[in-house]
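Please walk through the structure below, beginning at one strand pairing and ending with the arrangement of domains.

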Amino acid sequence: MSQQQGLAPRKAALFLLDKVTTEGKLLSELIGEGALQHLTPEDRARAQRLAIATLRGLARADRMLARFLNKTPPTPVRNVLRLCTVELAGGEAAHGVVNAGVELVARNKRTQSMKGLVNAVLRKVADEGPDGWARLAVPRMPGWLRKPLKDAYGPQVIAAIEAVQFAGAPLDLTVKGDVTAAQAALGGEVLPTGSLRLHDAGQVSSLPGFEAGDWWVQDAAAALPVQIMAPKTGEKILDLCAAPGGKTMQIAAAGAEVTAVDASAGRMARVRENLDRTGLQAKLVTADAFEVTTDGFDAVLLDAPCSATGTIRRHPDLPYAKDGSEFGALIDQQAAMIDHALTLLNPGGRLLYCTCSLLPDEGEVQIDDALARHPGLTVERDALDVPGVDPAWRTEEGGLRLRPDYWAERGGMDGFYIAQLRKPA
Ligand SMILES: C[S@@+](CC[C@H](N)C(=O)[O-])C[C@H]1O[C@@H](n2cnc3c(N)ncnc32)[C@H](O)[C@@H]1O
């Protein structure tokens, strides 16, 4: 690869890093807005990989760099150093990475005066090599997030979660038909809960069965809410926050009549694509959940908008893009959504509430509060009795707490909270 070719994905990765660390943008938003569209597919994939790897190793890169810096440089220079440090840690040829780092700061008028510093620091980082990197501590989550999670789970659990987050996530698939046939085609491991887990899967759309719609990507933890809800053929089920549609497809595949609602038209387009690819049926409604007034559903799935703090294994940008300031509003909205969802259910119907959050305020506390607000509402402990679910994951109020460090030796799982409520008949 020529020097010039190597620079384009690095420049794009830096653009992403700068936006995440200074403007609080998520990678998915930036990529959705077309931030990588000018690149070739190969460079696009490389830029994305670089940005993700850098964010995953950010705290460790800062620790390494702190040894060689007297003071923190301006963010654009700091991000070049972080990116190159992570590349060097991954075993990339030192001269190529150091030259690229110097070139990246030299090209920008505001940073070009620091190219000598970048050159000197990156040479020292290169001397440390992957071994020096491996000796450093596992990166910690930023304090704003680590503190409440440490209060909830204790320091040992948080260290275990951070280790899994740093390791990254394998690819989990939910298979529409026979999982052993899919395993024969794709390899991997069938998890105790029935998802198929692939390590080093590569490009998803090139995998056998993608075009045919035999499966869809869905973390094993994210597949559990619908397994717990256990939709039946002919039931009328409302999926109130449906996009991109993983759970909608599970409900449809079970033979239920599903109405999928989401407020985002862009994300709803993904549901349409997913249904078309898998040949599954659902009625799609692009609307705010609070505007939905059609009632008479046997079950409602409320996969509520949340902090997404359970998905950091796959989305290492989140701790750097967010600061917790939006979470209070999300928690209030979740409670209001539970109350609204209950109005759409038939008497005796079930409400499956879940969030991909690690914060008890978005899980256990929501269920405690909902039970207190709605006399006669009950929580269904027996529903949690599905294959592969460890009884130790159950919580006091009757839900399921899934943590990223569960199944750590297999690659972990997303953090999730799941509970099924029953409306009085
Ligand atoms: C956790 S995601 C849902 C994931 C989805 N259930 C799945 O399994 O693929 C939450 C979704 O809620 C949607 N959302 C946020 N606020 C909403 C609202 N007020 N009404 C409806 N949907 C909303 C977001 O657009 C997002 O797609």
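In this predicted model, Thr-355 of β9 has Tyr-417 as its bridge partner in β12. That pair belongs to a longer run of contacts between the two strands: β9 and β12 (residues 416-422) are antiparallel and share six bridges. β9 also pairs with β8 (residues 297-303), here in the parallel sense and again over six bridges. Within this second pairing, Tyr-353 of β9 stands opposite Leu-302. β9 thus has one antiparallel partner, β12, and one parallel partner, β8.

How many of the 11 residues of β9 are buried? The count is eight, so the strand is largely enclosed by the rest of the structure. As a general point, side chains in a regular strand alternate between the two faces of the sheet.

Past the end of β9 comes a loop that leads to α16 (364-373), and Cys-356 lies in this loop. The unreviewed UniProt entry annotates Cys-356 as "active site". Is Cys-356 buried or exposed? Cys-356 has 25 other C-beta atoms within 10 Å, and because 20 or more is the cut-off for burial, Cys-356 is buried. Leaving aside residues up to four places away in sequence, Cys-356 touches Ala-222, Cys-306, Ala-308, Gly-310, Thr-311, Asp-414, Gly-415 and Phe-416. One of these contacts, Phe-416, is also a residue of β12, the strand that spans 416-422.

The ligand has a shell of 17 residues, of which Cys-241, Ala-243, Ala-263, Ala-289 and Asp-303 are the closest. Two elements, α12 (246-253) and β6 (257-262), each give two or more residues to this shell. By character, the shell divides into nine nonpolar, three polar and five charged residues. Asp-303, among the closest residues to the ligand, is also within the range of β8, residues 297-303.

On the level of the whole chain, the domain assignment gives domain 1 (3-134), domain 2 (173-214) and domain 3 (219-422). The centres of domain 1 and domain 3, taken over C-alpha atoms, are separated by 36 Å. Where these two domains meet, 11 residues of domain 1 are in contact with seven residues of domain 3. On the domain 1 side, α1 (3-23), α2 (27-32) and α3 (41-56) each supply at least two residues. α3 gives the most to that side, with three residues. The domain 1 residues that touch domain 3 divide into six nonpolar, three polar and two charged.

How values were computed. Residues numbered from 1 in each chain as written. Predicted model: local features only at pLDDT ≥ 70, side-chain atom pairs only at ≥ 80, totals over all residues. UniProt positions renumbered as here; feature names shortened; annotations may be inferred. Helix = DSSP H or I, 4+ residues; strand = E, 2+ residues; numbered from the N terminus. Buried ≥ 20, exposed ≤ 12 C-beta atoms within 10 Å, placed from the backbone. Near = placed C-beta within 6 Å. Nonpolar A, V, L, I, M, F, W, Y, C, P; charged D, E, K, R; others polar. Pairing = 2+ DSSP bridges. Domains from an automatic or database assignment.
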